[in-house]
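Please open the model in your viewer and keep the sequence panel beside it. The tour below goes from one selection to the next and says what is found at each stop.

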Amino acid sequence: RDVARGIVADVDDVLAAVERLLDGGQIKRIGCVVNHVVTGFRNNCMVVWDVPDEELDERGVAAGSLPYVTLCYHRPRRPEQGWEYNLFTMVHGRETDAVDEKIDELASTYLPFDHERLYSTETLKQTGARYDELVSSE
């Protein structure tokens with residue numbers, strides 16, 4: 001109803017459009033994004049890892065399945081820029097000590113490799129994905 005109201009459309013039309021997108025594979029799942037700062041999770045750390053390439057998929061899947069890892073993805077190394085890291089994980093927490101404990105667990109149990117902790121210091125922009133221009137021609 002909120003989406004239909006927001007785009008001035010009939011609820012049944014919105015639901016039919018969502019069903020078409022689900023059936024066509026354009027939407028794989030529907031979820032929500034919680035603003036972690038508003039809910040008290042102000043200590044956030046992106047941890048970058050130098051994982052051996054031959055172990056990247058297995059290690060990434062294992063780390064990404066942990067409940068405290070909120071993001072986990074592979075990015076190419078940039079050795080020409082002095083950047084050897086190829087796996088990125090995000091850990092959110094209310095207290096820095098709690099976040100550090102989880103990162104220590106990651107490093108000792110799941111990702112025993114060189115890494116750097118990049119703690120967030122301020123939020124410059126945070127929005128969900130915007131697809132208005134992509135779908136407006138349909």
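What covers the buried residues of H4? Keep that question in mind while you take in the whole chain, which is a predicted model.

**The whole chain**

Colour the protein by secondary structure, and you should be able to follow five helices and four strands, which run along the sequence in the pattern α-α-β-α-β-β-α-β-α. Of its 138 residues, 22% count as buried, and the accessible surface comes to about 10,300 Å², of which 51% belongs to carbon and sulfur atoms. Among contacts between residues at least 6 apart in sequence, 63% join residues at least 24 apart.

**Helix H4**

Select residues 96-110, which form helix H4; this helix has 15 residues and reaches 20 Å from its first C-alpha to its last, close to the 21 Å expected at 1.5 Å a residue. Now show the side chains of Val99, Ile103, Leu106 and Ala107, the buried residues of H4. These residues lie on the same side of H4, because they cover an arc of only 90 degrees around its axis. In an α-helix there are 3.6 residues a turn, so residues three or four places apart point the same way. Turn to the face of H4 that points away from this buried side, and you will find the exposed residues Asp97, Glu101 and Ser108. As for the opening question, the cover over the buried residues of H4 includes strand E1, helix H3, strands E2 and E3, and strand E4 (115-119).

**Helix H3**

Next select residues 56-64, helix H3, in which Leu56, Gly60 and Ala63 are buried. They sit on the same side of H3, because the arc they cover around the axis is only 70 degrees. The other side of H3 carries the exposed residues Asp57, Glu58 and Val61. If you add strand E2 (69-74), strand E3 (87-93) and helix H4 to the selection, you will see what the buried residues of H3 pack against.

**The nonpolar cores**

Which residues touch the most other members of the largest nonpolar core? Select Trp49, Val51, Leu106 and Leu111, which do so among the 17 residues of that core. Strand E1 (43-49), H3, E3 and H4 are the elements that give two or more residues to this core, and the largest share, four residues, comes from H4. A second, separate core of five residues can be displayed in another colour, starting with Met46, Val48, Tyr85 and Phe88, which are among its members.

Now centre the view on Val51: leaving aside residues up to four places away in sequence, Val51 touches Leu56, Arg59, Arg77, Asn86, Leu87, Leu111 and Phe113.

**Two cysteines**

Are Cys45 and Cys72 buried or partly exposed? Cys45 is buried, with a relative accessible area of 0%, whereas Cys72 is partly exposed, with a relative accessible area of 27%. With 2.5 Å between sulfur atoms as the cut-off, the count of disulfides in the model comes to zero.

**A last stop at Val8**

Finally, go to the loop between helix H1 (2-7) and helix H2 (11-23), where Val8 lies. Most residues other than glycine have a negative phi. Val8, although it is not a glycine, has a positive phi of about 55 degrees. Val8 also counts as exposed, because its relative accessibility is 74% and the exposed class begins over 50%.

Notes. Residues are numbered from 1 along each chain as its sequence is written. This is a predicted model: local features need pLDDT of at least 70, side-chain atom pairs count only at pLDDT 80 or more; totals for chains, interfaces and linings use all residues. Side-chain values use heavy atoms; hydrogens and water are left out. Buried means under 20% relative accessible area, exposed over 50%, partly exposed in between (1.4 Å probe, protein chains only). The arc is that of the directions from the helix axis to the C-beta atoms. Contact means heavy atoms within 4.5 Å. Accessible areas come from the Shrake-Rupley method with a 1.4 Å probe; for residues, only the protein chains shown count as cover. A nonpolar core is a set of buried Ala, Val, Leu, Ile, Met, Phe, Trp, Tyr and Cys residues joined through side-chain atoms within 4.5 Å. The expected span of a helix is 1.5 Å times one less than its number of residues.
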